[in-house]
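Thanks for coming, everyone. I'd like to walk you through a structure today, so have a look at it first and then I'll talk.

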Amino acid sequence: MAQLDSKTPSGPLADKWRKYKTEIKLVNPANKRKYKIIVVGAGLAGSSASATLAELGYQVETFVFHDSPRRAHSIAAQGGINAAKNYQNDGDSVHRLFYDTLKGGDYRAREANVHRLAEVSVNIIDQCVAQGVPFAREYGGLLANRSFGGAQVSRTFYARGQTGQQLLLGAYSALSKMVGQGAVKLHVNSEMLDLVVIGGQAKGIIVRDLVTGEITRHAADAVILATGGYGNVFNLSTYARGSNATAIWRAYKRGACFANPCYTQIHPTCIPVSGDYQSKLTLMSESLRNDGRIWVPKKKEDCDKAPGDIPEDARDYYLERIYPSFGNLAPRDVASRAAKRACDDGRGVGPGKLGVYLDFADAIKRLGEPAVRERYGNLFDIYHEITNENAYKTPMRIYPAVHYTMGGLWVNYDLMSNVPGLFVLGEANFSDHGANRLGASALMQGLADGYFVVPYTIGNYLADIKPGTRPSVDAPEFQAAEKNIKDMTARLLNAKGKAPVNEFHKRLGKLMWDYCGMARTKEGLEKALVEIPKLREEFWADVNVPGSGATLNQALERAGRLADFFELGELMCRDALTREESCGGHFREEYQHPDGECKRDDEKFAHVAAWEFQGAGTTPLRNVEPLNYEFTKMSVRSYK
Amino acid sequence: MVAEKTSTKNISVTLRVWRQAGPNTTGHFVDYPAKDLNPNMSFLEMLDVVNDELERKGEDPVAFAHDCREGICGTCSLVINGKPHGPNKAIASCQTYMRSFKDGETIVVEPFRAKPFPVVKDLITDRSAFDKIQQAGGFISVRTGAPCDANAIPITKEVADLAMDAAQCIGCGACVAACKNASAMLFVSAKVSQLGLLPQGQPERDTRVLNMVATMDSLGFGNCTNQYECSAACPKTVSHDFIARLNRDYLKASFRSSFRPVSAAAGGGA
């Protein structure tokens, strides 16, 4: 059974991080250059960590499966990044950001981690501005802010609807500088396929070159995974097509615990599905809810009418009605379920009746079209490209879609997994968002972890590792891991069945959406736990992956990632089944208040469930880390 | 902008696709039928469907670069009917929809063609030259943890907006593919302008432009001859005005660098 010690420092909440930083062990500058750190992934967390660790003097090797670090999916984040700067003088503070994030996560995150996140949020904005990130500004030249869900202050910094892009390009520029200086060795088109654990510690990775097909071994003193989330298990999501769980899943199979896999975020404002050929869903930023009003017709009979023909008094602005104090800015999980309830009630709009309106008519009347265009123009353009509809004239149609995963590899306060030497950052870990993430907090966490947390905490680990003890890549553990990967590749290529990889991915995605999506039941999850293994067997027997492993082979890449999604999907269902409560993004129909809100069970489930691999075909072990709240009272989350 | 009117009838087209096994082999066009396509399908989803059919038959699917499929990661890079990113303005290949094509049409699909972007396989090219240019100077040197408060340097909205216009570049390389000289000057000018416009970027303004341009030249990109095909093909409509800014910055930096006093400690006179 894994030891799950969160290693949270003692003392008052607001002093923990400061105290930790003054008490941790340091690595002297002459020794730093003797340690090699592998970073996998180059999104916000991976790029910022790579650049910062290289600045400190460590040898850094960064691996990305993309052809350039700038392609990582952090680039697609639209709306903004939170920080407790209180530049608006509207009562914000570190404590308030901490509290909003903890409450937004439905009291299922660790207090100390969340507080640290809120503390360093202010440094992130300073860092990014210094790098030349062109955040939006007011006419006086100072930084502008907007509001996001789950908060009653304006603390979100943004760069039009492309905040993730600008922050990633900032981190990419910092990384590029270190690559140019030779301080970071960058491996592009390089996919991590296995973690190498020697003597219980993470000591390296096995990598496939996606262009040549060559499999190589890489040793290090510590390994950092910053490989993002696993929402593509649903096939249709707002993730990039290449986003995958392979790095974290293979680490799980080498002993790293996987925490709260069932915590999935369904984003309320995405463009609805239009056909079965569809490969991805596109998000319409939450920032739109600052000025857009969400509604459906009050009566089913009105659903087929043009929205303009439905009079004001026949419309149900249901978020404003049910949650008067937060209105259209209710948190994502709450807003998504409200949309689902409206559609389940037969009042959905558009083809298939799986959609609700997001209406800007009032904002345009109040501010004028140019002001709305200035704020959201690129989002209206995206909507137009996809749907061929003009949202300045007619309301957008939106529906919830899979967007983020709060679960991930278990880490302690140092962001280190239960496998010593394996650090996990950003969306790939489970640590800061509990059961639901607030908008504009993913960018905050990725950069906090990479710029301001792991550069301190990794030193605390390396200080106890004797320099020069890095194993050779000829060690038997490296050989075994490489053989494992080559065998798996051969098995995929030799199946020579009849169906393409995508077909299996679509079928898995449908199972996951139906049984482990926005609403889950015991019965459905049990069914999924029967159906998923069946489908997985069928996949291994009947998939057709043409070509060879010794060349660029996109079908092989997809097949390997899907093989992991099958196993991870099963674990998600198992986690959802055992968590007999509703919290944040995890909604079990059996556990709800009469008004349809989540009914938590703090007696039984105020804990992190961290699953431990027990070998193929064996049920994994469910370890528990209790969430002991010292400073905050777990209360019923209300946005009314 | 796409056409306002949506056809709801499914269409069938013939794809004439560039197939090339690797960088050192000869490529050729192969025709594939794509039948009964919903006009709301994206161009890449149409390629997915064609590839699924090829995989079902055990044939090698068409390799093409893609990832976010929402026009921001810069991975997708198709030349469709002779135009980088296809027939519509201000979008990437992934945002092209089948409603832009006619029933029965033959659609020619090629990789970006430019000497500094060698073909890796089929429709995928190697654009690592862009990363090398960035590594030569596309940054502001600021160590993590060092900066002052973000509001300590006010920047007028006009300047911030203009910097953002330049910063929107997604690094796809369509500008290079569209240019008869394979010039990367729109790409370089975007980064040079973004950082050169902002006060934070001033200390390294000269070295940045000199180093980025020198690297650009050494990688085999051509020069700008003011045809503006680059900004016409740019999915983010980065303006060619930034190239003028790049030229001015480069000229000033070249001039200043010849006269800049160098400290004796660095081997020069005062």
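I'll go through the two chains, then the contact between them, then one helix.

Before anything else, keep in mind that this is a predicted model.

Okay, chain A. Chain A has 640 residues, and 60% of those count as buried. In secondary structure, we're looking at 17 helices and 19 strands. Along the principal axes, the C-alpha trace of chain A covers about 75 × 60 × 50 Å. So how does the radius of gyration of chain A sit with a compact globule? For 640 residues you'd expect a value near 26 Å, and chain A comes in at 24 Å, which agrees. What about contacts along the sequence? If you take contacts in chain A between residues at least 6 apart, 74% of them join residues at least 24 apart.

Chain A also comes with a domain split: domain 1 runs 267-402 and domain 2 runs 476-626. Their centres, taken over C-alpha atoms, are 31 Å apart. How many residues of each domain are in contact with the other? On the domain 1 side there are 6 residues, and they meet 6 residues of domain 2. Helix α9 of chain A, residues 332-344, gives the most to that domain 1 side, with 5 residues. By class, the domain 1 side has 4 charged residues, 1 polar and 1 nonpolar.

Now the core. As a general point, nonpolar side chains in soluble globular proteins tend to be buried together. Here, the largest nonpolar core holds 290 residues, and the ones touching the most other members are A:I37, A:I224, A:L225 and A:L409. Take A:I37 as an example. Leaving out residues up to four places away in sequence, A:I37 touches a list of residues including A:L53, A:Y58, A:V60, A:A220, A:I224 and A:I458. That list also has A:Q59 and A:D221 among its members.

On to chain B. Chain B has 270 residues, of which 51% count as buried. You get 8 helices and 7 strands, and the C-alpha trace spans about 75 × 45 × 40 Å along its principal axes. For contacts in chain B with a separation of 6 or more, residues 24 or more positions apart account for 71%.

So what does the contact between the chains look like? It takes 67 residues from chain A and 64 from chain B. On the chain B side, the elements giving two or more residues are α1, β6, α2, α3 and α5. Which of them gives the largest share? That's α1(B), with 7 residues. Sort that whole chain B side by class and you have 26 nonpolar, 21 polar and 17 charged residues.

Let's stay on α1(B), residues 43-56. At 1.5 Å a residue, its 14 residues should span 20 Å, and the end C-alpha atoms are indeed 20 Å apart, so that agrees. Which residues of α1(B) are buried? They are B:F43, B:L44, B:E45, B:M46, B:L47, B:D48, B:N51 and B:E55. And what covers them? Both chains do: the cover includes α14 (501-516) and α16 (554-578) from chain A, along with β2 (28-37) and β3 (78-80) from chain B. After the helix comes B:G58, with a positive phi near 75°.

That's my tour, and I'm happy to go back to any part of it.

Technical notes:
Residues are numbered from 1 along each chain as its sequence is written. Chains are lettered from A and ligands numbered from 1 in the order in which they are written. This is a predicted model: local features need pLDDT of at least 70, side-chain atom pairs count only at pLDDT 80 or more; totals for chains, interfaces and linings use all residues. Two residues are in contact if their C-beta atoms, placed from the backbone, lie within 7 Å. Helices (H or I, at least four residues) and strands (E, at least two) are DSSP runs, numbered from the N terminus. Ala, Val, Leu, Ile, Met, Phe, Trp, Tyr, Cys and Pro count as nonpolar, Asp, Glu, Lys and Arg as charged, and the others, Gly among them, as polar. Domain bounds come from an automatic or database domain assignment. The radius of gyration is taken over C-alpha atoms; the globule rule is 2.2 Å times the number of residues to the power 0.38. A residue is buried if 20 or more other C-beta atoms lie within 10 Å of its own, exposed if 12 or fewer, and partly exposed in between; C-beta atoms are placed from the backbone. The expected span of a helix is 1.5 Å times one less than its number of residues. A nonpolar core is a set of buried Ala, Val, Leu, Ile, Met, Phe, Trp, Tyr and Cys residues joined through C-beta atoms within 7 Å.
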